[in-house]
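Colleague: Before we discuss this model, I should like to hear the grounds for the terms applied to it. Please show the structure, and I shall put my questions.

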Amino acid sequence: MRGITPAKSLEDYEIQSALQKLPGWEVIENKLHKEFRFKNFNEAFGFMTRVALEAEVMNHHPEWYNVYQVVIIDLHRHLKGDITDLDVELARRIEILLDNSSD
């Protein structure tokens, strides 16, 4: 079995560079943050399920909040409170999931 690659803390310039490729994502309270709105709860929950499966594969889990059609996601390393390459990668994968769901 393959080992888990440790997360690499990112410098501010690396985070800013990553944000240019992540539409709607921003840094709030030292977390990658984005709010998603869907047509209804079923769409929001379906999205959360797809993200949960991707996060489990990565062994890197979001901090999130859901009420009805709104899903808020924050990504950061929970123990150290910094933003890592894994946060950026999960945000990138979330964007791909969104693109694929609109097909």
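**Exposure, backbone and sheet**

Modeller: Y68 counts as partly exposed because its relative accessible area is 47%, and that class lies between buried (under 20%) and exposed (over 50%), with a 1.4 Å probe and protein chains only. The model is predicted: local features need pLDDT of at least 70 and side-chain atom pairs 80 or more, whereas totals for chains, interfaces and linings use all residues. Residues are numbered from 1 along each chain as its sequence is written, and side-chain values use heavy atoms, without hydrogens and water.

Colleague: Why is E29 called exposed?

Modeller: E29 has a relative accessible area of 69%, so it is classed as exposed. Its place is in the loop between β1 (26-28) and β2; strands here are DSSP runs of E with at least two residues, and helices are runs of H or I with at least four, numbered from the N terminus.

Colleague: What makes the phi of E29 notable?

Modeller: Phi of E29 is near 50°, a positive value in a residue other than glycine. Most residues other than glycine have a negative phi. Y68, in the loop between β3 (63-67) and β4, also has a positive phi, of about 50°.

Colleague: How do you know that β3 and β4 pair?

Modeller: Pairing requires at least two bridges found by DSSP; β3 and β4 have five, in the antiparallel sense, and therefore qualify. Within this pair, E63 stands opposite D74 in β4.

Colleague: What makes β1 and β3 edge strands?

Modeller: The open sheet has the order β1-β2-β4-β3, and β1 and β3 each pair on one side only.
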